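New to this one? Here's a quick briefing to read alongside the sequence and the 3D view.

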Amino acid sequence: MTHDEALALYNAGPKVVTKVLCDLSKTIESQQEQIKVLEAKVAKLSKNSSNSSKRPSSDDITRPKFSKKKGKRKIGGQPGHDRHDRTPFSPEEINRVHNYTLPACPHCHGEVIIMDGEPRVTQQIELVEVPLIREEHRSYPVWCPTCGKIHYMPFPPEVYKEGLFKERITALVAYMKNVCHASFSTIRKYFRDVLGETVSRGYLRKVIEKVSQSLEAPYNELLDRLPLETIVNVDETGHKENGGKFWTWVFKADLYVLFKIDKSRGSKVLIDVLGKEFNGVLGCDYFSAYRKYMKDFNVSIQFCIAHLIRDIRFLITLKDTETKAYGQKLLDEVKNMFKVIHDRENMTPETFTTALEDAKEKITTAALNDVASNLDKNGKEEKREAQNMANRFRLHGKEYFQFITTPGMDPTNNVAEQAIRFVVIDRHVTQGTRSEKGRQSNERLWTVVATCALQGRSAFNFILESVKAYFHNQPVPSLLPDSS
């Protein structure tokens with residue numbers, strides 16, 4: 001406001017001045033409200049995988065990252081480390097031997113005497129030029145004078161089941177598709193360029209369907225076993241199908257992993273897989289489907305503390321000083337609890353449990369006491385982020401500490417997130433699925449891949465044994481170690 005405008009306002013009288021001041025006050029209040037809304041939007045946009053439950057793939061890759069300081073260690077093997085050499089092939093594994101003997105001394109060119117000592121050995125491996133065996137089954141016609149007809153002897157049942165591809169090459173296609181994340185187009189190129197065979201994408205799809213059928217029993221065995229487990233960790237991620245949105249769920253037990261693809265991301269999937277009477281402890285994040293499942297069926301849950309830490313870190317990024325202080329205090333207590341966990345080896349079991357219980361009480365106290373709060377003139381909470389965190393502890397605080405009284409339970413949900421990681425890679429590399437059969441194939445093959453990795457078994461060998469059993473109508477192998 002200029003000097004002349006201020007003078008004119010003074011001469012206008014007190015009523016006009018009062019009105020102008022009221023208008024200015026309303027304008028200031030309106031602008032303050034807009035500032036608060038914009039600050040909330042900025043805070044929301046600043047969320048990433050480090051301060052929220054957002055996945056790392058959603059982070060803004062254009063933001064500059066802090067580069068780690070380079071250490072003094074040089075690239076390669078370090079001094080004092082043991083040398084790692086591959087185990088030589090045994091004599092029985094060698095297909096061809098090449099012998100070398102000097103005909104004369106390389107220095108004086110004199111005559112040499114062949115000794116009986118051990119030779120120096122260098123071993124190599126190579127692909128055969130055409131690593132395929134091409135077979136043909138022939139059934140010759142016979143004439144029956146009695147009925148006056150020509151008859152052919154039927155081929156063995158496994159020949160009809162196998163089709164063009166026999167057991168090992170069928171297993172190879174499945175391995176390339178679901179372990180190597182190769183698309184049908186990539187597999188087709190491999191067959192054309194390396195194996196010298198032309199095959200259509202449609203036929204490769206049929207091959208995967210045969211593998212899927214061979215894995216039906218092992219998959220269902222795990223599906224039936226899951227509701228009986230004492231600890232199950234769960235996570236979910238998106239899945240593409242013909243432009244539609246599905247969800248891949250992972251269920252991680254102690255000795256196996258099971259995948260389920262569903263249109264729903266709700267608690268319905270948990271009911272379908274684990275049932276309404278699941279009596280174990282469910283490890284998961286704070287997603288609403290898990291909370292509903294817990295509430296409806298009184299299920300014990302361990303919410304992921306790693307996700308909790310990220311949500312607490314978000315409080316520290318806010319501009320409000322009271323909310324920041326509240327978040328920092330809570331974060332410090334959670335970190336102190338992890339210090340106790342990391343120092344477990346130096347404690348007796350009794351001391352460790354007591355220390356955890358003490359850390360639990362301090363975290364709960366920090367979450368529920370001195371919570372930042374301020375109501376506006378309409379009675380609306382302005383510091384709702386801190387209040388939301390406190391309400392979370394009021395409603396579900398004990399669900400963050402089930403691991404204290406549940407042997408084998410992890411305070412985080414990392415095992416489920418790690419188990420689902422290769423599925424996320426597959427989603428980025430391939431084109432997803434196009435039908436219910438495709439989803440079913442992925443569920444079963446991903447289950448085999450993850451379970452075999454967990455158990456230290458060969459996924460290719462398990463797929464091969466399953467395909468063999470399917471082609472020859474024999475009992476299929478089991479993914480459960482105690483019954484295989």
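What percentage of the 484 residues in the protein chain do buried residues make up? The figure is 38%. Keep in mind as you look around that this is a predicted model.

**The overall picture**
- The protein chain's secondary structure adds up to 16 helices and 7 strands.
- Take the contacts in the protein chain between residues at least 6 apart in sequence: 62% of them join residues at least 24 apart.

**The nonpolar cores**
- In general, nonpolar side chains in soluble globular proteins tend to be buried together.
- Here, the largest nonpolar core has 90 residues.
- Helix 16 (residues 459–471) supplies the largest share of this core, with 8 residues.
- If you want landmarks, look for Phe165, Phe251, Leu282, Tyr326, Leu330 and Met337, the residues with the most contacts inside the largest core.
- Met337 is a handy one to click on: setting aside its neighbours within four places in sequence, it is in contact with Ile305, Leu356, Ala359, Ile363, Phe401 and Phe403.
- Apart from the largest core lies another one, of 13 residues, and Val257, Phe259, Ile261 and Val449 are among them.

**Where helix 5 meets helix 6**
- Two packed helices are described by the angle between their axes and the distance between the axes.
- Helix 5 covers residues 184–193 and helix 6 covers residues 201–214; their axes come within 10 Å and cross at roughly 105 degrees.
- Because of that angle, helix 5 counts as roughly perpendicular to helix 6.
- On the helix 5 side you'll find Phe184, Ser185, Ile187 and Arg188, which meet Arg201, Leu204, Arg205 and Ile208 in helix 6.
- Sorted by class, this contact of helix 5 with helix 6 has 4 nonpolar, 1 polar and 3 charged residues.

**The cysteines**
- A disulfide is a covalent bond between the sulfur atoms of two cysteines.
- How many disulfides does a search of the whole structure find? It finds 0.
- Why does Cys108 have no such bond? Its closest cysteine sulfur, in Cys105, is 3.7 Å from its own sulfur, which is too far for a bond, since a disulfide needs the pair within 2.5 Å.
- Cys304 is also left without one, because the closest cysteine sulfur, in Cys284, is 8.8 Å from the sulfur of Cys304, too far for a bond.
- Are these two buried or exposed? Cys108 counts as exposed, at 58% relative accessibility, whereas Cys304 counts as buried, at 2%.

Technical notes. Residues are numbered from 1 along each chain as its sequence is written. This is a predicted model: local features need pLDDT of at least 70, side-chain atom pairs count only at pLDDT 80 or more; totals for chains, interfaces and linings use all residues. Side-chain values use heavy atoms; hydrogens and water are left out. Buried means under 20% relative accessible area, exposed over 50%, partly exposed in between (1.4 Å probe, protein chains only). A nonpolar core is a set of buried Ala, Val, Leu, Ile, Met, Phe, Trp, Tyr and Cys residues joined through side-chain atoms within 4.5 Å. Helices (H or I, at least four residues) and strands (E, at least two) are DSSP runs, numbered from the N terminus. Contact means heavy atoms within 4.5 Å. Axes are lines fitted to C-alpha atoms, for helices over the stretch in contact, and angles run from 0 to 180 degrees between N-to-C directions. Angles under 35 degrees count as roughly parallel, over 145 as roughly antiparallel, 65 to 115 as roughly perpendicular and the rest as oblique. Ala, Val, Leu, Ile, Met, Phe, Trp, Tyr, Cys and Pro count as nonpolar, Asp, Glu, Lys and Arg as charged, and the others, Gly among them, as polar.
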